[in-house]
Each structure stands twice: as structure tokens, then as C-alpha cells.
Amino acid sequence: MNAKWLTTPKEKVQQLQEKLGHAAKRNKRRKFHALYDKVHRIDVLQEAWRRVRANKGAAGVDGETMADIAKMGEDQFVAQCQEQLLQKTYRPQPVRRHYIPKKDGRKRPLGIPTVRDRVVQMATKLIVEPIFETDFQECSFGFRPKRSAKQALERIRKACNRKGNWVVDVDIQGYFDNINQEKLMKLVEMRISDRRVLKLIRQWLEAGVMEEGQVRRSDLGTPQGGVISPLLANIYLNYFDLIWERHGREVGELTRYADDFVVVCKTKKEAEHAFKLIQAIMARLELTLHPEKTRIVGLWTGEEGFDFLGMHHRKTKAETGRNQVYYTTQQWLCRKAEKHVREVVKERLAPPNMRQVSFEEHVNWLNLRIQGWKNYYATPYSVKWMTKLDWYIRQRLTKWYAKKRQRSNWRGFGHEVKHLSQTYGLKTLV
């Protein structure tokens, strides 16, 4: 692309990323020593702000919201970020601790950095990511450009169908909270020697977490919720991927999505060997496998399956045109995903304050979700489960409609709701 035709910050950043990526690919041992001047480039910061704004998100510990920045003036805010980086007065704030309730009653901790920190992290990520992308392995799919969970699922399906009858299903215990920061920085330094960029990354790791007015700092973990955290998490586990490529490739095929991964093996002996090898590499990274969630699964009889990325994987009997029986790997949405879909629909339609919302508004809201679920969960084998969910959505709408009409018996409204669903174009999962 000719430089004079580049008009938007997005296009300029894309070209810069391509240059950095090519340079990193040409020389796998090259260390990049002049990156800080690219982080504080105005077009990079403008593109970083555009992405952070698109992601929305809450305020951090300073209470500054997206609306506050819009009021101040977006250009002025970006210029302030640039000025702080140029003058080297930028200091990250601690992340605000926020808990998301989990289904088992426990809470998932999340860290919310300030909007300003998110923008500077995004600018740094835009510059650093293309360099590390060239080092990442084929088996890794999570939080990477042009890679998706669907691709990871397809890789697993094919591996299982290539006589992959045993699976090591792995869960790392508290991964983001237990990353060794010193080891992580050493892995970052293998590609980056610009001390100013390294200082930025170290500051984010050491910024700590603010909870109930107290700041807690730790030499372990990356703040979950930080823009740059997924990239740092991938850099740390890329070490595992590399070692697996060297020593585990013959034993089984690895597919990793962030901190979740499976290894598909042909025999039980290979699966057991893979499990020991995984434990040994994890010990080197000072990480622990979850004792209950990590297991070896035998697929070849079709009696057992495993869940990964919201899908259940299981081998089932099929017949060729010549009536020959063979086993094929089927994927359909797992129970946890099915339960989640039901909960989302119920949370929308059950509350009393939702009765004043119109049928059309509910249909528009549901259609967005239904299309997303269909795009992800629909497979040739998931029709049975999707049909059940379609029925559930219609049933929930009927109950809502009856309550809106102040009637206790909802069953009599089935035909009316069916007609309204067709009128307003309610989508279906099947």
C-alpha cells in the first residue's frame, strides 16, 4: 500500500504492524530496541483510543468514564496521553477489583484498569503483538488476530477423527493469578530490548489491585481485565507450546485456547505419557494443574466425551453407504452452555419490569443473541439440543406474554405468540 494513500490512523497502524511483523519473521532472533517512539505516535494512540472506546467498559480507580473523556474532548485526551509518554510522567494506576459471580457460588476476580491505562496498554499491544505473533505456534488460538475458537474446535475434531481415541483435557489452576512475573519478563526480553517499553510492561504488572481502599501488590500474575494481559498470557504459555513441539509432538496433538488446552493421542499409553510431560513443563513454568478438572478421557467406545470451548466432543457410530460402521467425532453445545442460554433468556423475560417492554423489542433483543448462538453452536449434530432451546425460548415468551396480559394460565396463548413471533421475525436456532 502506497504511504500517501494512507489516510486513517487505522490504516497507518496496520502498515506499521505489517513492517514490524515482517522484520520479526525475517530474523527470529532479532531484538527490537526502538519501539517506544512508535507507542507514543499520535496515530497509534488515536487507533488505541478508538479500540478502547469500541470495547466500552467501566471506569477504573480514578472514576474517569468514557463520557467524561467525550466531554473533555477526545483529541485533547489522546494528546494528554502522548504528552505523558513523551515527558515520561505516565504512571499506571492500580486496577479496580471487581467480582463476577460464578454459577458455583464462587466469584471470578476481574481487574479494571483506568481508561487512560487501557489506551496506553492498547497502544503498546498494537506495537508489540505483531513481533510475538511470528513466534506463536499453530496450536494456539486464543486472543490472537485472525484466529478463533471455531478454528480450534475444527482442529480437535480432525485430530480425533485421525484415530485420536484418547484425550488429555487440561485446566490450569488460577492461571492469570499465578504467572511468574520475572519469568514472563525474561520471555518478553527475548524479543524486546527497548528499556522504556519493558519498564511500561513491568509497571503494569506491579501496579497492584485496589480493593476496599487498600492497594495489594504481588510478584505473581497479570491483572485479568487488562488490555495487554491476554498477550502476556500467550507469551508465557508459548514456552509450553514450543517445548511441546520439540518433545511432545509425537505423543499427541496439542490445541490451546489461552489457558485451556487439550492433547489428542492415539493410545492410552501415549495419553499417560503426555500427561506426565505436561506436568513437567508446567512445573518449569511454576503452574499447577487443576486436580478435578484435568483428566484423561477415552473416546474410542463412545461412552465418554469431554467439554472444550463450550462444546461437548464425543465419538458416535455412523454408517457408510455400504453399511460399514465407523466412529466419527461429533460436537454439540455442552450442558453448561445450554444452561447459560436458558439463563440469559430467563433473565430477560422473567422480571416483572420487563412486562412493559413490547413484543417487537424483545424479539429484536433475542434475535441478536439467537444469531450469535447459532453462529457458534450450530453443527450437524446439535439439532436435538437447539430444538429444545427453540422450544424453551418460545415457552418463555409465552409466559411473559400471559403475564403482560395479566393472565395466570399461559398455555392458552401458544398460537397467539407463534403468530406474533412470525410477524416480528423471531429467529430460531435450528
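Two strands pair if DSSP finds at least two bridges between them. I start my notebook with that rule. Helices (H or I, at least four residues) and strands (E, at least two) are DSSP runs, numbered from the N terminus.

**Ground rules.** I am looking at a predicted model, where local features need pLDDT of at least 70, side-chain atom pairs count only at pLDDT 80 or more, and totals for chains, interfaces and linings use all residues. Residues are numbered from 1 along each chain as its sequence is written, and side-chain values use heavy atoms, with hydrogens and water left out.

**Entry 1: the whole protein.** I counted 16 helices and 11 strands. The C-alpha atoms fill a box of roughly 70 × 60 × 50 Å along the principal axes. Next I checked burial. Buried means under 20% relative accessible area, exposed over 50%, and partly exposed in between (1.4 Å probe, protein chains only). Of the 430 residues, 49% are buried. Then I looked up contacts, meaning heavy atoms within 4.5 Å. Among contacts between residues at least 6 apart in sequence, 69% join residues at least 24 apart.

**Entry 2: strand 7.** I went to residues 260-265 and found five of the six buried. Which strands pair with strand 7? Strand 6 (residues 253-257) joins strand 7 through five bridges, running antiparallel. Here Tyr257 stands opposite Asp260. The two strands form a hairpin with two residues between them. Ala258 sits in that turn and has a positive phi of about 55°. Strand 3 (residues 166-171) is also antiparallel to strand 7, with six bridges. In that pairing Val168 faces Val263. A reminder to myself: strands of a sheet pair through backbone hydrogen bonds, either parallel or antiparallel.

**Entry 3: cysteines.** How many disulfides does the structure hold? I found zero. A disulfide is a pair of cysteine sulfur atoms within 2.5 Å. Why does Cys265 have no bond? The closest cysteine sulfur, in Cys160, is 10 Å from its own, and that is too far. Cys265 is buried, at 0% relative accessible area. Cys81 counts as buried too, because its relative accessibility is 1%.

**Entry 4: a three-stranded sheet.** I traced an open sheet in the order 9-10-11, with antiparallel pairing. Strand 9 (305-308) and strand 11 are the edge strands, each pairing on one side only. From one strand to the next, the twist averages 35°. Axes here are lines fitted to C-alpha atoms, for helices over the stretch in contact, and angles run from 0 to 180 degrees between N-to-C directions. Strand 10 (residues 311-319) meets strand 11 over nine bridges. Thr316 has Thr328, in strand 11, as its bridge partner.

**Entry 5: helix 13.** This helix covers residues 335-349, 15 in number. It reaches 21 Å from first C-alpha to last, close to the expected 21 Å. The expected span is 1.5 Å times one less than the number of residues. Its buried residues are Ala337, Glu338, Val341, Val344, Val345, Arg348 and Leu349. They lie on the same side of helix 13, because they cover an arc of only 125° around the axis. That arc is taken from the directions from the helix axis to the C-beta atoms. The face turned away carries exposed Arg335, Lys336 and Glu347. I noted what the buried residues pack against: strand 11 (325-333), helix 14 (359-377) and helix 15 (383-404).

**Entry 6: Val341.** I picked this residue of helix 13. Is Val341 buried or exposed? Val341 is buried, at 2% relative accessible area. Leaving aside neighbours within four places in sequence, Val341 contacts Trp373 and Leu389.
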